[in-house]
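Work through the exercises below with the sequence and the model side by side. Each task is followed by a solution in steps.

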Amino acid sequence: MILILLGPPGAGKGTQAKRIREERGIPQLSTGDMLRASIASGSLLGKRCKDIMDRGDLVSDEIIEEIVTERVKADDCRKGFILDGAVRTVGQAEMIDRVLSGLGRELDVVIELTVDEDELVKRLNGRIEETMARGEQVRADDNVETFRKRQAVYREQTAPLIPYYEGHGKLVRVDGMGTIDEVGDAISEVLDGVAKK
Ligand code: AMP
């Protein structure tokens, strides 16, 4: 099963991707995590991305192509994988289609988590407080100003993927405003339906 999780920053894609990974035994491919790992390792790629990420912009399609193309060829992706925040522009969607077709594979489903943006800002504040209470470092792009910027970037550059995947008959909407379990169960139902096809 190859699936994409779509939704604005803070919609819970990462949380739900982890749940799907546990339930279905397929890896979660988060380009955000991969890029943060590159920054932490001090690599050239990380250096090229840090400022862009800190201000809430998207890194180039070329960089995403470079990291995703290699990753999907790995052995653990044979059964399928979850693209978590890894497809954010129409150019990237076309690239994923090309890469998958080169591997003789096909995308199964795109799940859009629908959310209320103001509610997301409240959730963000809660997350910042919890992270600080644990004595952990808050992500550089986890502040209200950058968050709003990332929302705007989502609306401008990523939301066009919704009609794109609708046109390909791949899009399923799931209400992302429930509890983690409610949203997870709704996603599970969708994936069970897709698996039966
Ligand atoms: P995330 O953890 O998914 O919210 O990603 C954090 C940041 O990494 C984003 O705000 C972007 O700057 C960058 N990023 C992650 N994935 C992509 C992508 N597929 N295309 C462009 N930029 C990305």
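**Exercise 1. Find the polar contacts of the ligand.**

Step 1. Start at Arg139: an N or O atom in its side chain is 3.4 Å from an oxygen atom of the ligand. A polar contact here is a pair of N or O atoms within 3.5 Å; within protein, one must be able to donate a hydrogen and the other to accept it, and residues adjacent in sequence count only if both atoms are side-chain atoms.

Before going on, note the ground rules. This is a predicted model, where local features need pLDDT of at least 70 and side-chain atom pairs count only at pLDDT 80 or more, while totals for chains, interfaces and linings use all residues. Residues are numbered from 1 along each chain as its sequence is written, and side-chain values use heavy atoms, with hydrogens and water left out.

Step 2. Go to Arg150. A polar atom of its side chain lies 2.9 Å from an oxygen atom of the ligand.

Step 3. Turn to Val59. Here a backbone N or O atom lies 3.2 Å from a nitrogen atom of the ligand.

Step 4. Check the cover. The ligand alone exposes 480 Å², and the protein buries 95% of that (Shrake-Rupley method, 1.4 Å probe).

**Exercise 2. Describe the shell around the ligand.**

Step 1. Count the residues that have a heavy atom within 4 Å of the ligand. There are 16, and the closest are Thr31, Arg36, Asp57, Arg88 and Gln92.

Step 2. Sort them by class. Six are nonpolar, four polar and six charged. Ala, Val, Leu, Ile, Met, Phe, Trp, Tyr, Cys and Pro count as nonpolar, Asp, Glu, Lys and Arg as charged, and the others, Gly among them, as polar.

Step 3. Which element gives the most to this shell? H2 does, with four residues. Helices (H or I, at least four residues) and strands (E, at least two) are DSSP runs, numbered from the N terminus.

**Exercise 3. Place the ligand in a pocket.**

Step 1. Identify the space. The ligand takes up the largest pocket (more than half of its atoms lie within 2 Å of the grid points). On a 1 Å grid over the protein atoms alone, a pocket is an open set of points with protein on both sides within 12 Å along at least five of seven lines, whereas a cavity is a set where a 1.4 Å probe fits but cannot get out; lining residues have an atom within 4 Å of a point.

Step 2. Size the largest pocket: about 1100 Å³. Grid points are joined across faces, edges and corners, and the volume is the space filled by probe spheres set on them.

Step 3. Read its lining. Of 45 residues, the closest to the centre are Gly10, Gly14, Arg36, Arg139 and Arg150. Elements giving two or more residues include helix H1 (13–24) and helix H2 (31–41).

**Exercise 4. Find the closed space.**

Step 1. Count cavities of 30 Å³ or more: there is one.

Step 2. The largest cavity has a volume of about 60 Å³. Strand S1 (2–6) and H7 each give two or more residues to its lining.

Key: Near = heavy atom within 4 Å.
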